[in-house]
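Grab a pencil and work through these short exercises on charged and polar side chains. Try each task yourself before you read its solution.

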Amino acid sequence: MKEGAKVRRKMSELSEQIRDHQYRYYVLDKPIITDAEFDAIWKELSALESAHPELLDPNSPTLEVGGGFASHFEQFNHHQKMMSLDNVFSDEELDSWLDRIEKESTSVKKSWLCELKIDGLAINLIYENGKLVRALTRGNGETGEDVTVNVRTITAIPQNLKGSRIPELVEIRGEIFFPVAAFNELNEALEESGKTPFANPRNAAAGSLRQKDPRVTAARPLSCIVHGIGAVKGATFDSQSQAYELMASWGAPVSRSYQVLENSSGVKKFITEFLKLRHELEHEIDGVVVKVNERSIQELIGTTSRAPKWAIAYKYPPEEVTTKLIDIRVSVGRTGRITPFGFMEPIKVAGSTVTNATLHNVEEVERKRVLIGDIVILRKAGDVIPEILGPVVERRTGKEKKFVMPTNCPDCGSKLKAISEGDVDIRCPNSQNCPAQLRERIYYIGSRAALDIDVLGYEAAQALLGAELIVDEGDLFDLSAKKLLNCEFFRKKDGTAASNAEKLIQALEDAKKRPLWRVLVALSIRHVGPTAAQALVREFKSLEAISTASGDELAGIDGIGEVIAKSISTWFSIDWHRVIVDKWRRAGVTTVDIDKKERPQTLAGLTIVVTGALNSFTRDGVSETILEHGGKAASSVSSKTDFVVIGDSPGSKAKKAEELGVRIINESQFLTLLENGTDRI
């Protein structure tokens, strides 16, 4: 075969692969390769097309905007083409792009607008005379899917623009995303219900927005950040940043993290800072978008058929890697659910070395067609539990073998069973005495999701049970410094108390004052996470009222329903569960809700950012305290921030506050602010 024919065939194969993966990503919301692997295929095809322009297919995917359509949505044209972005993956590639922009606009001074590249679903919001008339997905760039009914359920998106300079027509472009915290809670609920969890927040956002029933979309906490304007009649702006100011004045949800920078060193600093902060944000990001700020220069530089040449996406290192799956084992969770997990060759991903990753349930193992011995795609984002997304089938050798689910609990030997008909999960029914379940429940009580008890981690939970200082979670709040001396984990070699003993006793005392909804979460009632717990507390105000409510009363609460109601009623009907609640009540743990209105609203109207470790609060605890006192706990510093609270080892937020002239206070001043408001600060 001649060289030209080989290249043409290779280009055709790569094009076919790209289209298949685009369909799986945009339409099915079920990608089978990592973003990094897709980017590698794209780069290979682009390189071949650059080297052999005479062989370029006019229908190549590199000339089109990626996307696709779901069959049950009507399609409409965008007023102005909705383009994609080209990517760079290194400082060298970024420098090359910056140099090219400089050469194409040598005679004019320019600035750069940098913003976060949200890993969500692109949306085009069309307003006529200030009223939202249509919301379209990107689709193929020319035509998108009409998801207006579902978009109307997203509270962050205004139905009507406000202000005095409302344009006759405007297309506001943005990204719909699923907040990370809510995503983790949704997946936990899906798993508990025996349903397939979403692979990542982006898939959750796409799957939620593409629901046939808008009530399902409304039940999902989707949000949106806008980042551009398409067609517009009746409004003008000279720069990208001016467009953002306009959109913000209309009430559109503009990001507070974007910055306008004067040079390339500032651009690189922005990229580096948010690489460190990427897991502290409410949404996932996969990089930073750099845009020429001035519209006149944008028009001078122009676009390709699929992307503006005046903007680029700097992609961060992938959080998906491949490694070998050595074995599939099972763990026992706090509610008895048996979860298969992969034991793998150690691999570094998202800054840490990983050997274990979840596979959710046996049905998920079968659905993903994972075999022991496979090379698998692994994903880990920040503190999120690593997950096996699927096998790389092409790399199988024939020596791989199928996983067989055990029939007995690996910790207590009880026969495993499904709790209800149709439940794909199997569970250990020995909830009171199974060592694994008890250990996991104790550990969960100390976690940030529940009572946030410092020191009460996995090792501490195991040590307390091993030394028989506690029989179950009911005994936790009866621990004393004297009792802890009987446990090696909390004792020095000379027999005196270790520092962690004193810390645990103080942390347990602090935990007694946690809000009632956290106490409810800490009881490990199946299906009751933070959202359900807060809804229950708002309605019933006390643990006693929740425990005695009828199934109909519980199910009638918005966000609860029959499944959760039955789970609550069943839990409180068990004698040893009620004993735990009684022990906690006698120990002084919160069992009655304190109305937030009774708390002094000393921070009302204030936006506060905390950076560094505080002595009096955990990271989640200080955010909760700010909210309870009427303030807003923000994750990033902007000109709208009122105070930045500095603790030990503060990050880059402190420097950002100095640059913007935002007032910086220490922990002592923050405590004064909490008590007295701004009068004495």
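**Exercise 1.** In this predicted model, work out which parts of the chain the salt bridge between Glu 145 and Arg 210 ties together, and whether the two residues are buried or exposed.

*Solution.* Start with the distance: the closest N and O atoms of Glu 145 and Arg 210 are 3.2 Å apart. A salt bridge needs a nitrogen of Lys or Arg within 4 Å of a carboxyl oxygen of Asp or Glu, so this pair passes. Next, place the partners: Glu 145 sits in strand S6, while Arg 210 sits in the loop between helix H6 and helix H7, so the bridge ties together parts 65 residues apart in sequence. Last, check the surroundings: both Glu 145 and Arg 210 are buried.

**Exercise 2.** Now do it for Arg 585 and Glu 544, which also meet in a salt bridge. Which helices does the pair link?

*Solution.* The N to O distance here is 3.9 Å. Arg 585 belongs to helix H21 and Glu 544 to helix H18, 41 residues apart, so distant parts of the chain are linked. For exposure, Arg 585 has 33% relative accessibility and Glu 544 has 46%. Partly exposed runs between under 20% (buried) and over 50% (exposed), so both residues land there.

**Exercise 3.** Find where Arg 100 and its salt-bridge partner Glu 104 lie.

*Solution.* Their closest N and O atoms are 3.1 Å apart. Both residues lie in helix H3, four residues apart, which is about one turn of the helix. Arg 100 is partly exposed at 29%, and Glu 104 is partly exposed at 32%.

Conventions. Residues are numbered from 1 along each chain as its sequence is written. This is a predicted model: local features need pLDDT of at least 70, side-chain atom pairs count only at pLDDT 80 or more; totals for chains, interfaces and linings use all residues. Side-chain values use heavy atoms; hydrogens and water are left out. A salt bridge is a side-chain nitrogen of Lys or Arg within 4 Å of a carboxyl oxygen of Asp or Glu. Helices (H or I, at least four residues) and strands (E, at least two) are DSSP runs, numbered from the N terminus. Buried means under 20% relative accessible area, exposed over 50%, partly exposed in between (1.4 Å probe, protein chains only).
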